[in-house]
Amino acid sequence: MKSADDLHINHWENFFDSALHNDLYPTWWDDQTANHWRHRRFMEPVLDILQTKQDTWVTIGDGSGHDSWIMFNDGFEDILSTDIGDGTLKRSLKDGRIQKCAQANAENLQFDDEQFDFVLCKEAFHHMRRPYMGLYEMLRVAKRAVVLIEPQDQWVDFPTRTGAASPFYEGVGNYVYSLSFREIQKICLGLNLPGYASKNMMDVYIQGCEFAKADLSDPLFKQMTETVTAMEARCEQRLEKWNYVLTILFKDEALFKDPALVERLTERKWLFESTNTNPYLRKPD
């Protein structure tokens, strides 16, 4: 029996066997599309909050290298793009879209401890068979922080959905793991990390947004932005649940306490909390 890992490797190694994928691939490198607008919003923790453009980064589960490309275009200087299958990454490297790439299984990374200042995992944690093993590996190879951008668990944190939670599987073959504020808090408390910062986001995907322009004169983009605004209002009234969680898990205490960073988190209404609170691990006076 094939595993979800096998299916993901096959997806990226044979990506261009599909006519649809051949049509989609060029749109990913157009920063004027409605789909780019979506992904730029996802990247807020990296581009707007951390602003660590001179530090070293590794992206996990980057597929085509699109996350790295967005960062590079925003001025980030040193980014290694990785995925469990690197066939499409190699194409993006050849086309000059990304700087460098490597094949890497998030659950067993071949990198040294604290080899990179930062790790970015955007919409890849939920694909993993053993996602928490992957997260611990990310924390191992990161020196300063790990950024997660993932779907929100609809049955955890208030307001929760009612009724039994039903499993959800993606077409590529994986069960979808999802995160919550509470789960992030427990991870950071258990590891006695300096702290974390989290923020909810509402994303709306409309088929065809890859080909639509991020301009309100485009009917699809107008529909997308109006739907996002309406859904955000419902979330603020606790009539609907946010569908994404943006998270920074800090390893570097100095970074977590940086006044400029704290100011940016506060201005953008992020939740942040110190979690190195274990009284049995405190240094003696």
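**Exercise 1. Determine whether Tyr-25 is buried or exposed, and classify its ring pairing with Trp-29.**

Solution. Step 1: Tyr-25 has a relative accessible area of 3% and is therefore buried; buried means under 20% relative accessible area, exposed over 50%, and partly exposed in between, with a 1.4 Å probe and protein chains only. The model is a predicted one, in which local features need pLDDT of at least 70 and side-chain atom pairs count only at pLDDT 80 or more, while totals for chains, interfaces and linings use all residues. Residues are numbered from 1 along each chain as its sequence is written, and side-chain values use heavy atoms, with hydrogens and water left out.

Step 2: Trp-29, at 9% relative accessible area, is buried.

Step 3: The structure holds 16 aromatic pairs. Rings of Phe, Tyr and Trp (its six-membered ring) pair if their centres lie within 6.5 Å; planes under 30 degrees apart count as stacked, over 60 as edge-to-face and the rest as tilted. For Tyr-25 and Trp-29 the ring centres are 5.5 Å apart and the planes stand at 75°, so this pair is edge-to-face.

**Exercise 2. Classify the pair formed by Trp-57 and Phe-76, and locate both residues in the chain.**

Solution. Step 1: The centres of these rings, Trp-57 and Phe-76, lie 5.9 Å apart with planes at 85°, so the pair is edge-to-face.

Step 2: The pair links distant parts of the chain, 19 residues apart: Trp-57 belongs to strand β1 (residues 56-60), and Phe-76 to the loop between α5 (66-73) and β2 (78-83). Helices (H or I, at least four residues) and strands (E, at least two) are DSSP runs, numbered from the N terminus.

Step 3: Trp-57 is buried at 0% relative accessible area, and Phe-76 is buried at 1%.

**Exercise 3. Identify the aromatic cluster that includes Tyr-25, and the charge over Phe-16.**

Solution. Step 1: One aromatic cluster is formed by Trp-12, Phe-15, Phe-16, Tyr-25, Trp-28, Trp-29 and Trp-69.

Step 2: Over the ring of Phe-16 sits the charged end of Arg-91, 4.5 Å from the ring centre; the criterion is NZ of Lys or CZ of Arg within 6 Å of the ring centre and within 35 degrees of the ring normal.

**Exercise 4. Describe the sheet and the surroundings of β7.**

Solution. Step 1: Eight strands form an open sheet of mixed pairing, in the order β3-β2-β1-β4-β5-β7-β6-β8. Two strands pair if DSSP finds at least two bridges between them. The edge strands, β3 (100-103) and β8 (271-274), each pair on one side only.

Step 2: Strand β7 (residues 244-250) pairs in the antiparallel sense with β6 (residues 195-201) over seven bridges. Ala-197 has Ile-248 of β7 as its bridge partner, and Asn-200 has Val-245.

Step 3: Strand β5 (residues 142-151) also pairs with β7 in the antiparallel sense, over seven bridges; the partner of Pro-151 in β7 is Tyr-244.

Step 4: Seven of the seven residues of β7 are buried. Tyr-244, Leu-246, Ile-248 and Phe-250 lie on one side, with Val-245, Thr-247 and Leu-249 on the other, and both faces are covered.
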